[in-house]
Amino acid sequence: MSSPDHTASWVAVALVVLATVLVGGFGLRISRTTSDFYVASRTVRPRLNAAAISGEYLSAASFLGVAGLVLLHGPDMLWYPVGYTAGYLVLLVFVAAPLRRSGAYTLPDFAEGRLESLHVRRVVSILVVGAGWLYLVPQLQGAGLTLKILTGAPGWLGDVLVATVVAAAVAAGGMRSITFVQVFQYWLKLTALLVPALFLVLAWQGDGRPRVSFDDQFAVFRADHPLYATYGLIVATFLGTMGLPHVVVRFYTSPNGRDARRTTVAVLALVGLFYLLPPIYGALGRLYAPELRHGGDADAAVLLLPARVIGGLGGDLLGALIAGGAFAAFLSTASGLTMAVAGVITQDVLPSRGVRSFRLATVLAIAVPLAGSLLVSRVPVADAVGMAFAVSASSFCPLLVLGIWWRRLTPPGAVAGLLLGGGSALLAVAITVSGAVTPPGWPHALLAWPAVWSVPVGFLAMILVSLATPGRIPPGTNAAMTRFHLPEALTSARPPGRER
């Protein structure tokens with residue numbers, strides 16, 4: 001028989017799962033065409049789209065990981081929320097509107113349309129799937145951790161539950177369905193952190209406002225080269241956001257480039273508001289749950305604080321609210337990632353591109369990371385997501401920036417940058433996760449935080465190889481650049497071709 005606090009948490013998780021299914025079912029009722037499934041027929045307005053992007057972007061790393069890292073390492077970890085938010089500023093300036101005007105459904109679509117090369121498309125497809133799977137694993141593992149701590153369930157149950165619900169929601173209604181789910185889940189996550197934070201701060205004031213000390217914090221990033229690790233984080237988060245597959249695909253749902261820019265500005269506000277809250281939990285965790293610094297469960301600080309600080313029925317209810325918000329974080333981000341990966345698998349792996357193939361691709365998109373989450377040892381969620389950002393920054397960032405702003409980019413240059421930049425970052429992350437190279441020492445620091453060197457490698461490889469192959473500039477480059485940078489009203493008179 002579950003204890004009362006376990007019962008409340010079970011009820012909260014069950015309600016979130018039920019609400020996700022019901023909201024997704026509403027989207028299913030209005031999903032009729034292939035365009036509905038892939039990009040919601042490009043009709044999602046800025047406010048709705050911004051909440052949906054924020055809902056899928058604020059993942060386990062945001063909900064649990066940032067607080068855990070602040071608890072362990074102190075104020076230096078505020079670079080995480082700063083980087084996660086500032087990445088949208090870079091996206092706003094360089095990518096948002098031109099990317100929407102490209103008329104693509106996915107990143108591989110953009111690559112093929114810009115460079116007129118199936119070979120480039122295949123390389124991008126492989127990296128999108130790899131980055132998506134890498135990002136999905138910590139979402140599933142975070143769900144397992146949450147359910148284990150709050151309900152006493154086996155660690156694998158949360159992984160399987162999130163994977164099952166996500167597969168059902170994405171396969172049923174596609175992008176149209178997921179949009180409504182993610183909007184609902186953003187506001188739930190914000191409420192789930194804000195309300196308990198208010199009570200926790202009041203309780204802290206009632207205790208006489210004890211001072212939070214970070215004098216005994218652990219070495220930043222568990223590495224002996226903290227300055228390098230910090231720069232690795234900054235580069236990865238600032239530049240990696242624009243290439244995250246599940247973020248990029250949402251900009252294709254905007255009606256036009258202007259709305260894509262307005263969406264990005266709204267996202268900056270919504271994400272910035274959310275990130276004011278996790279550091280509060282991290283700081284209070286050092287006071288009320290200091291043992292988490294030594295047990296490897298720092299990510300659990302957000303989950304445990306209501307029971308530790310407030311206790312009783314109030315603590316149980318606030319803990320249940322956080323449990324629901326945590327599960328919303330896992331479900332929303334996992335849904336967006338699964339949607340992005342399934343879209344690529346449908347278009348580039350399966351022989352048919354219909355709705356039935358998309359649903360099969362959804363199962364494949366979630367099954368591989370589920371197996372990985374159950375087999376691979378658990379990495380702190382913020383660290384794991386930071387690795388996914390490094391891969392994105394090293395591959396898709398150079399491709400998007402140069403593809404949108406540099407006419408001389410060639411298919412060989414793009415492939416060289418993707419393989420040398422993104423491939424080297426992906427290899428570095430794989431070695432780090434496998435534990436083949438452990439701290440201390442420069443080898444571990446370079447592999448755990450590769451963006452400092454892998455991003456320049458990606459850009460330089462694309463530029464140098466493109467300059468060496470001037471005869472390979474695609475013949476449609478001028479038309480593509482015109483489409484990217486002129487408002488839709490000025491290009492609407494051109495002959496019909498690729499969807500804008």
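**Inside the model: a cavity, a core and some rings**

Let's start with a hole. Two helices, α11 (245–251) and α16 (312–348), each give at least two residues to the lining of the largest cavity. Before I go on, please keep in mind that this is a predicted model.

So, how much space lies in that largest cavity? About 50 Å³. There are four cavities of 30 Å³ or more in the structure. If you want to find the largest one on the screen, look for Thr106, Leu107, Val128, Pro245, Val248, Val249, Ala340 and Val344, which line it. Helix α11 provides the largest share of that lining, with three residues. And what classes of residue are in the lining? Seven are nonpolar, one is polar, and none are charged.

One of those lining residues, Leu107, takes us to helix α7, which covers residues 107–115. This helix is mostly covered, with seven of its nine residues buried. The buried ones are Leu107, Pro108, Asp109, Phe110, Ala111, Arg114 and Leu115. Right after α7 comes Glu116, and there the backbone takes a positive phi of about 55°.

Okay, on to the core. In soluble globular proteins, nonpolar side chains tend to be buried together. Here the largest nonpolar core has 139 residues. Which residues have the most contacts inside it? Tyr57, Phe63, Tyr84, Val124, Val162 and Tyr281. Helix α9, residues 155–206, contributes the largest share of this core, 16 residues. Apart from this core there's another one, of six residues, including Leu71, Leu72, Ala289 and Ala301.

Take Val162 from that list. Leaving out residues up to four places away in sequence, Val162 touches Leu140, Ala143, Phe327, Phe330, Leu331 and Ala334.

Now a polar name in α9: Gln182 sits in that helix. Is Gln182 buried or exposed? Its relative accessibility is 0%, so Gln182 counts as buried. Again skipping residues up to four places away, Gln182 touches Ala51, Ala52, Gly55, Glu56, Arg250, Ser332, Ser335 and Gly336.

Next, the rings. The structure holds 13 aromatic pairs. I'll pick the one between Tyr57 and Tyr88. Why is that pair called edge-to-face? The ring centres are 4.8 Å apart and the planes sit at 85°, and over 60 degrees counts as edge-to-face, so that's the label for Tyr57 and Tyr88. This pair also links distant parts of the chain: Tyr57 is in helix α3 (residues 46–57) and Tyr88 is in helix α5 (residues 79–94), 31 residues apart. Both partners are tucked away from the surface: Tyr57 has 2% relative accessibility, so it counts as buried, and Tyr88 has 0%, so it's buried too.

And the two tyrosines have company. They belong to one aromatic cluster together with Phe63, Tyr80, Tyr84, Tyr135, Phe274, Tyr275 and Phe389. You've already heard some of those names: Tyr57, Phe63 and Tyr84 are among the residues with the most contacts inside the largest core.

Last stop, Ala361, in helix α17 (residues 355–375). With 0% relative accessibility, Ala361 counts as buried. What does Ala361 touch, not counting residues up to four places away in sequence? Ala342, Ile345, Thr346 and Leu350. Looking at Thr346 in particular, Ala361 is 15 residues from it in sequence, with the two C-alpha atoms 5.8 Å apart in space.

That's my tour; happy to take questions.

Notes:
Residues numbered from 1 in each chain as written. Predicted model: local features only at pLDDT ≥ 70, side-chain atom pairs only at ≥ 80, totals over all residues. Heavy atoms only, no water. Phe/Tyr/Trp six-rings, centres within 6.5 Å; stacked < 30°, edge-to-face > 60°. Helix = DSSP H or I, 4+ residues; strand = E, 2+ residues; numbered from the N terminus. Buried < 20%, exposed > 50% of the residue type's maximum accessible area, 1.4 Å probe, protein only. Core = buried A, V, L, I, M, F, W, Y, C linked by side-chain atoms within 4.5 Å. Contact = heavy atoms within 4.5 Å. 1 Å grid on protein atoms, 1.4 Å probe; cavity = no way out; pocket = protein on both sides within 12 Å on 5 of 7 lines; lining within 4 Å. Points joined across faces, edges and corners; volume = space filled by probe spheres on them. Nonpolar A, V, L, I, M, F, W, Y, C, P; charged D, E, K, R; others polar.
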